[in-house]
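Colleague: I have a model on screen and would like a guided look. Start with the whole chain, then slow down on one part.

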Amino acid sequence: MTKISFKDIRWDYLSEEGSAWLNDRHDGARIEETVKESSKRRVVYLQGIYLKEVRYSGIAVLLKGISGGTACKEGRISRKLAERGISVPQVIGYGKAVNNGLVRRDVLLTREVAGGKSLFDFLHREFPQLAAGEKRKFVRGFAAYVRKLHDAGALHADLHIGNILLEPEGSEYRFVLLDNDRLTLKNGKISTRQRIRNLALVLSNLRNHLSRTQYLRFLREYGLPSGEEGRVLLSALENSVLAHSKKIWNGKARQCLSNNRRFSKEHRQGFTIYRKSGLRWKNLVDALLPDPDLMLEQGEIFKAGRTVRAARITIDGQSYFLKRYNCKGFIYRLRNAFRRSRAVRTWLVSWGFRVRGIPIPEPIACIEERRWRLLGRSYILSVFVSESESLPHFWSGIDAGRQKELLGKLAGLLGRMHRFGCLHGDLKWNNILVSRSGRIVLTDLDGSRILSRLGSKSARRDLRRFQRDLASRQIAAAERDFFLACWRRWASPPEPGVRTRV
């Protein structure tokens, strides 16, 4: 394994432990694992110690010579946080390599947090399986931790669940703050406005893992005031959380149109192809080319209209759903020459729904045929949702109790969809699938849109198609009112509704 040398480092701070550790490794430390690496920085694991190394070139060399290196800054801030009672990885040293008075690189050495795990991983893998009481304990502990940060004057510009470690400490939860180079330390408590903006950063990630009750419990335990003041602050916080979340969602969704870790874009055989990254998805696209219509016509045709043709197809024993958007002549080609095709628009909006947690069939690939910019055929390939029924068929097979329970779930899903700025465009019951386990999936997103601001009138218009099918089932007015009340509850910002500690 490669080693890293510290012979050129001038240490700004070196603890006794750090000095002893370096003396034992005078010829360099062996790299056991590279955690992160880019052209400018890397994080590596060195026998119980984590090293963060930042390299500088160009104008950054001059700037860092004036302001100081990033790794050293994080070391200084972490030591100050520890003095204020905030848990951070133990700093054992930090320093910089200087050449002709210019900083070329700087390093930070921190002790490994024994048993620490990423809060991101914990929330994704372990939190859903916890008992209700244990979930309450976690929410209380984490809310108290964030409050402690803010009361200590710590304003972290990148406060999200990926920058926090969870360390077991008996029966309690202990949290450790990472990546503190973007943290500002105030002399006193941070202001209400700063709290709202900083809470929005962490809650935009956290709320995806919490129920509505747990979310409100977090705010209560953090210390959101009760009464009118609490409602005003909650409204401001919700707006800030939603605005920050939308930036994250839109950025992630737009990745589906370019080459990156998650997606691939390529041009071949007369097609522009957008697809998920990975050999499996490439092989699926290869099976469709050079003429996807061959596979389409061999499948089970579900829709055969002038605008689209859709079928269930089988590739290597697995079922998929393939939809073709028909080329409707020269005017159609010309009209779409300088705008995204309907397939690409649907591909983009589908991933916009997905990153917001709205359940839809997973899109796999979008294939578009163009010649001299003139649009021909275009296709979307997605996962086929098996073992499910359309909502009308499922509804007729369940009793009144399950029907009301399903109405509540549908109201919650559609309310969240509208709260997050999504319009489906055709919410008829046949476009909603339900599995026997009760999982709901929305289909046919050809007319869907995602708006930066979605007014209540637009959301109600989107809901009318669903309500029309609901009324046709001769459901009692009380049940329809129940659905609408649940929808309003989810489509609107939450109310505190509980007494809180200040």
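How much area does the protein chain expose, and what share of it do carbon and sulfur atoms supply? Then please take a close look at strand 8, residues 102-111. Which strands pair with strand 8 in the antiparallel sense?

Modeller: This is a predicted model: local features need pLDDT of at least 70, side-chain atom pairs count only at pLDDT 80 or more, and totals for chains, interfaces and linings use all residues. Residues are numbered from 1 along each chain as its sequence is written, and side-chain values use heavy atoms, with hydrogens and water left out.

Your area question comes first. The protein chain exposes about 25200 Å² (Shrake-Rupley method, 1.4 Å probe; for residues, only the protein chains shown count as cover). Carbon and sulfur atoms supply 48% of that area. Of the 502 residues, 48% count as buried (under 20% relative accessible area; exposed is over 50%, partly exposed in between; 1.4 Å probe, protein chains only). Along the principal axes, the C-alpha atoms fill a box of roughly 75 × 60 × 40 Å. The chain has 16 helices and 25 strands (DSSP runs numbered from the N terminus: H or I of at least four residues for helices, E of at least two for strands). Take contacts (heavy atoms within 4.5 Å) between residues at least 6 apart in sequence: 65% of them join residues at least 24 apart.

Now strand 8. It is mostly covered, with 7 of its 10 residues buried. Strand 6 (residues 49-55) pairs with strand 8 in the antiparallel sense over 7 bridges (two strands pair if DSSP finds at least two bridges between them). In that pairing, Y50 stands opposite T110 of strand 8. Strand 7 (residues 91-99) also runs antiparallel to strand 8, joined by 8 bridges. There, K96 has D106 as its bridge partner. Strand 7 and strand 8 form a hairpin with 2 residues between the strands. In this hairpin, N100 takes a positive phi near 55 degrees. Strands of a sheet pair through backbone hydrogen bonds, either parallel or antiparallel.

One side chain leads on from here. E74 sits in helix 3 (residues 70-83). At 6% relative accessibility, E74 is buried. Its side chain makes a polar contact of 2.8 Å with the side chain of K52 (N or O atoms within 3.5 Å; within protein, one able to donate a hydrogen and the other to accept it; residues adjacent in sequence count only if both atoms are side-chain atoms). Setting aside neighbours within four places in sequence, E74 touches K52, L108, D179, N180 and D181.

Another sheet is open and has 3 strands in the order 9-11-12, with antiparallel pairing. Its edges are strand 9 (117-118) and strand 12 (172-177), each pairing on one side only. Strand 11 (residues 164-169) is joined to strand 12 by 6 bridges. In that pair, I164 stands opposite L177.

Next, the packing. The largest nonpolar core has 53 residues (buried Ala, Val, Leu, Ile, Met, Phe, Trp, Tyr and Cys joined through side-chain atoms within 4.5 Å). W347, L406, L414, F466 and F483 have the most contacts inside it. Helix 12 (residues 342-355) gives this core its largest share, 8 residues. A second, separate core of 43 residues includes F127, L149, L201 and L233. In soluble globular proteins, nonpolar side chains tend to be buried together.

Go back to L414. Not counting residues up to four places away in sequence, L414 touches L427, L442, L463, F466, F483 and W487. H418 lies in helix 14 (residues 400-419). At 4% relative accessibility, H418 is buried. Beyond its neighbours within four places in sequence, H418 is in contact with L423, L454, A459, D462, L463 and W487. H418 and A491 are 73 residues apart in sequence and 5.9 Å apart in space, C-alpha to C-alpha.

Last, helix 9 (residues 279-288). Its buried residues are W281, L284, V285 and L288. Seen down the helix axis, they fall within an arc of 95 degrees (taken from the directions from the axis to the C-beta atoms), so they line one face of helix 9. An α-helix has 3.6 residues a turn, so residues three or four places apart point the same way.
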